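Subject: Structure for you to look at

Hello,

Here is the structure I promised to pass on. Please open it alongside this message, and read my notes below as you go.

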Amino acid sequence: MDVYGLLGNPVGHSLSPPMHEAAYDALGTDARYVTFEPAPDDLGAAIEGAQALGIAGLNVTIPFKENALAHVEPDDLAARIGAVNTVDFAGDGRPRGYNTDATGVRRAFAHHDVTLAGRDAVVVGAGGAARAAAFALADASASVHVANRTVSRAEALADDIEGATGESERATAGGLETLETRVPDADLLVNATSVGMEEDRSPVPADALHGDLAVLDAVYRPLETRLLREARERGATTVDGAWMLLYQGVEAFERWTGRDAPVDAMNEALRARL
Ligand code: NAP
């Protein structure tokens, strides 16, 4: 039996176990997905221990995504983002680390037939989810404006994107007040702050939203956040956070197993719990 797992703290309410176990059931795979809550100082030992025990793959979530980078061989995207959420133990030597939150953003938009190349994107936030979204969009040849409450973090993210693409003008930054002027001209909008999680608040002024936007909210509790509701009311294409969550899991499953993930079964298991 293959064992996969999730390292985080807390992980009690994680939707990853039912989502991955639905995939094993759909494909008739003999595998289990279990959760672990190591102490913050024990992250390296936990990853080494998992490898020693023959665990096939790990997801990593809050608060370990950034620190996990030091304990794996990250691919180029994870290294640029500065965070790892998927660890693969296949092969000998150091485990490999990926950031499938970024691919989750790209594939969530693709699922809704939203084109990224050449589009103007606004990312709200500058934490882990925002870094993943911003690099996913920039790598897909969108230009990115980062708006964050703490402006210095937005500037640091925009600088990192420009450094990575080697193109100035591909990324700009500002405070949340820049949303009022940047969103009306944007094609794509991603909320990657926690604003709207289990509360009826939006980080984006409703008047800035419009019908030519595609809006992804990383928040998935509730599924339709205030931002998505106000965007839908103005005719925008809306993509809820469960699509991002689904596709980060799909990408992890495919990296670990080398098989196409049973996306519908995983989606059904996820949405049944939201
Ligand atoms: P994080 O690293 O802690 O970043 C939090 C971000 O939210 C920062 O930009 C922070 O701004 C901003 N923020 C927090 N409270 C705010 C407020 N009251 N007003 C304005 N901005 C505020 O967290 P994260 O890991 O990036 O996660 C962000 C959200 O994305 C969470 O809701 C998380 O559940 C969700 N997420 C979803 C998925 C998915 O698959 N759907 C994946 C990852 C994360 P400052 O920099 O100013 O503090």
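The chain divides into two domains in this predicted model. Domain 1 takes residues 2-98 plus 243-271. Domain 2 covers 102-239. Taken over C-alpha atoms, the centres of domain 1 and domain 2 are 25 Å apart. The contact draws on 15 residues from domain 1 and 20 residues from domain 2.

Together, domain 1 and domain 2 bury about 1600 Å² between them. Of that area, 65% is on carbon and sulfur atoms. Which three residues supply the most of the area that domain 1 buries against domain 2? They are Arg80, Ile81 and Met244, with 41%.

Arg107 is worth a look as well. Arg107 is part of helix α4, residues 100-111. Arg107 and Glu251 are 144 residues apart in sequence. In space, their C-alpha atoms are 9.1 Å apart. Setting aside neighbours within four places in sequence, Arg107 is in contact with Tyr247, Val250, Glu251 and Glu254.

Now the sheets. One is an open sheet of six strands with mixed pairing. Its order is β2-β1-β3-β5-β6-β4. Why is one side of β2 and of β4 left without a neighbour in the sheet? β2 (31-36) and β4 (73-74) stand at the edges, and each has a single partner strand, so one side of each has no neighbour there.

Within this sheet, strand β1 (residues 2-7) runs parallel to strand β3 (residues 57-60). Four bridges join β1 and β3. Leu6 stands opposite Asn59 in β3. Helix α1, residues 16-27, packs on the sheet and touches β1, β2 and β3. The direction of α1 makes about 170° with that of β2.

There is also an open sheet of six strands with parallel pairing. The order here is β9-β8-β7-β10-β11-β12. β9 (171-174) and β12 (237-239) are the edge strands, each with a single partner, so one side of each is left without a neighbour in the sheet. From one strand to the next, the twist averages 15°.

Strand β8, residues 143-147, pairs with β9 in the parallel sense over four bridges. Val146 stands opposite Ala173 in β9. Which helix packs on this sheet, touching β7, β8 and β10? It is α5, residues 128-139. β7 spans 120-124 and β10 spans 188-191. The direction of α5 makes about 170° with that of β7.

Next, the rings. The structure holds three aromatic pairs. Ring pairs link Tyr4, Tyr24, Phe253 and Trp256 into a cluster. Two arginines also sit over rings. Arg255 lies over the face of Tyr98, 4.0 Å from the ring centre. The charged end of Arg271 is over the ring of Trp243, at 4.4 Å from its centre.

Last, some backbone details. Two cis peptide bonds are on my list. One runs from Asn9 to Pro10, with omega near 5°. Pro10 is in the loop between β1 and α1. Another joins Arg221 and Pro222, where omega is about 5°. Pro222 is in the loop between β11 (214-217) and α8 (226-233).

Ser141 has a positive phi, near 70°, although Ser141 is a residue other than glycine. Where does Ser141 lie? Ser141 is in the loop between α5 and β8.

If you want a place to start, try Arg80, Ile81 and Met244 at the contact between the domains. Then go to Arg107 in helix α4. After that, follow the two sheets strand by strand, in the orders β2-β1-β3-β5-β6-β4 and β9-β8-β7-β10-β11-β12.

Best wishes

Notes. Residues numbered from 1 in each chain as written. Predicted model: local features only at pLDDT ≥ 70, side-chain atom pairs only at ≥ 80, totals over all residues. Heavy atoms only, no water. Pairing = 2+ DSSP bridges. Axes fitted to C-alpha atoms, helices over the stretch in contact; angles between N-to-C directions. Contact = heavy atoms within 4.5 Å. Phe/Tyr/Trp six-rings, centres within 6.5 Å; stacked < 30°, edge-to-face > 60°. Lys NZ or Arg CZ within 6 Å of the ring centre and 35° of its normal. Domains from an automatic or database assignment. Buried area = accessible area lost by both parts, 1.4 Å probe.
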